[in-house]
Amino acid sequence: MASTTGGHPATRIHVVSDVHGNTTDLARAGEGADALVCLGDLVLFLDYADHSRGIFPDLFGAENAGRIVALRTARRFEEARAFGTRLWAGIEEDRATVMEKAVRKQYAELFPAFPTPTYATYGNVDVPALWPEYAGPGTTVLDGQRVEIGGRTFGFVGGGLRTPMRTPYEISDEEYAAKIEAVGEVDVLCTHIPPEVPELVYDTVARRFERGSRALLDAIRRTRPRYSLFGHVHQPLARRMRIGATECVNVGHFASSGKPWVLTW
């Protein structure tokens, strides 16, 4: 770890979330840091701001991507699902096979961009089963686990809770709560999704409440970590909030910002 000089911090950690295919900035995200922490969502399936980017428009075109974004934004999830089903019906190859190939292509570009060391957990659009194939020796993958970085204990819980969007890594509230419980008391609690607080889960651009975790909120109040770090909500009503002794921080939509959030001590 970096040494203390003239009162400067001894340890510097860069934190990113919601990378969504931004390989170029990810390759620079660890510059000047002792470690990089990644809170998931490496895959870009559909860019709500740029309908030409992602797996969906690669398969079906930007116009159809715009249509499905409009339906989802209007919370017309059943119509969006039916529209997507009609599009997939025109693809000869099995849907699961097509998706796996597309995800593998993105992972093959993204994982080599991670610096050493990187500590990472899954987002709700990630495919955990593929990570062992792509994570190099400098990347430690954690989910429901703890690690010490620079003398502080970091706990990691990946994935999201079940929603009408049916993204790849959504789990039950009970399974998520069990992972939170397994992490226990830590200095820095790292998750993909935020605690269930209205200001932290509301996306001002998508105009909807994303799913946050009540179990995470309860753990923050009970175990009082120094920080609760998360992503998932790209344009939150509030980017940070103090809950008791804990500073809760949405570390940002890295796909659009290209800049890591910095933690020093």
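**View 1. Leu36 of strand S2 has Thr118 in strand S3 as its bridge partner.** The model shown here is predicted. S2 and S3, the latter made of residues 118-120, pair in the parallel sense. Three bridges join these two strands.

**View 2. Strand S1 pairs with S2.** S1 covers residues 12-16. The pairing is parallel and runs over four bridges. Val15 stands opposite Val37 of S2.

**View 3. The side chains of S2 point two ways.** In a regular strand, side chains alternate between the two faces of the sheet. S2 spans residues 35-38. Ala35 and Val37 point one way, while Leu36 and Cys38 point the other way. Are these residues buried or exposed? All are buried.

**View 4. Six strands make an open sheet.** Their order is S5-S6-S9-S12-S14-S13, and the pairing is mixed. Which strands stand at the edges? They are S5 (145-149) and S13 (240-243). Each has a single partner strand, so one side of each is left without a neighbour in the sheet. From one strand to the next, the twist averages 20°.

**View 5. Edge strand S5 pairs with S6.** S6 holds residues 152-157. The two strands pair in the antiparallel sense, over five bridges. Here Gln145 has Phe156 in S6 as its bridge partner. Strands of a sheet pair through backbone hydrogen bonds, either parallel or antiparallel.

**View 6. Helix H7 lies across three strands.** The helix is formed by residues 173-183. The strands are S5, S6 and S9, with S9 at 188-191. H7 runs at about 170° to S6.

Key: Residues are numbered from 1 along each chain as its sequence is written. This is a predicted model: local features need pLDDT of at least 70, side-chain atom pairs count only at pLDDT 80 or more; totals for chains, interfaces and linings use all residues. Side-chain values use heavy atoms; hydrogens and water are left out. Two strands pair if DSSP finds at least two bridges between them. Axes are lines fitted to C-alpha atoms, for helices over the stretch in contact, and angles run from 0 to 180 degrees between N-to-C directions. Contact means heavy atoms within 4.5 Å. Buried means under 20% relative accessible area, exposed over 50%, partly exposed in between (1.4 Å probe, protein chains only).
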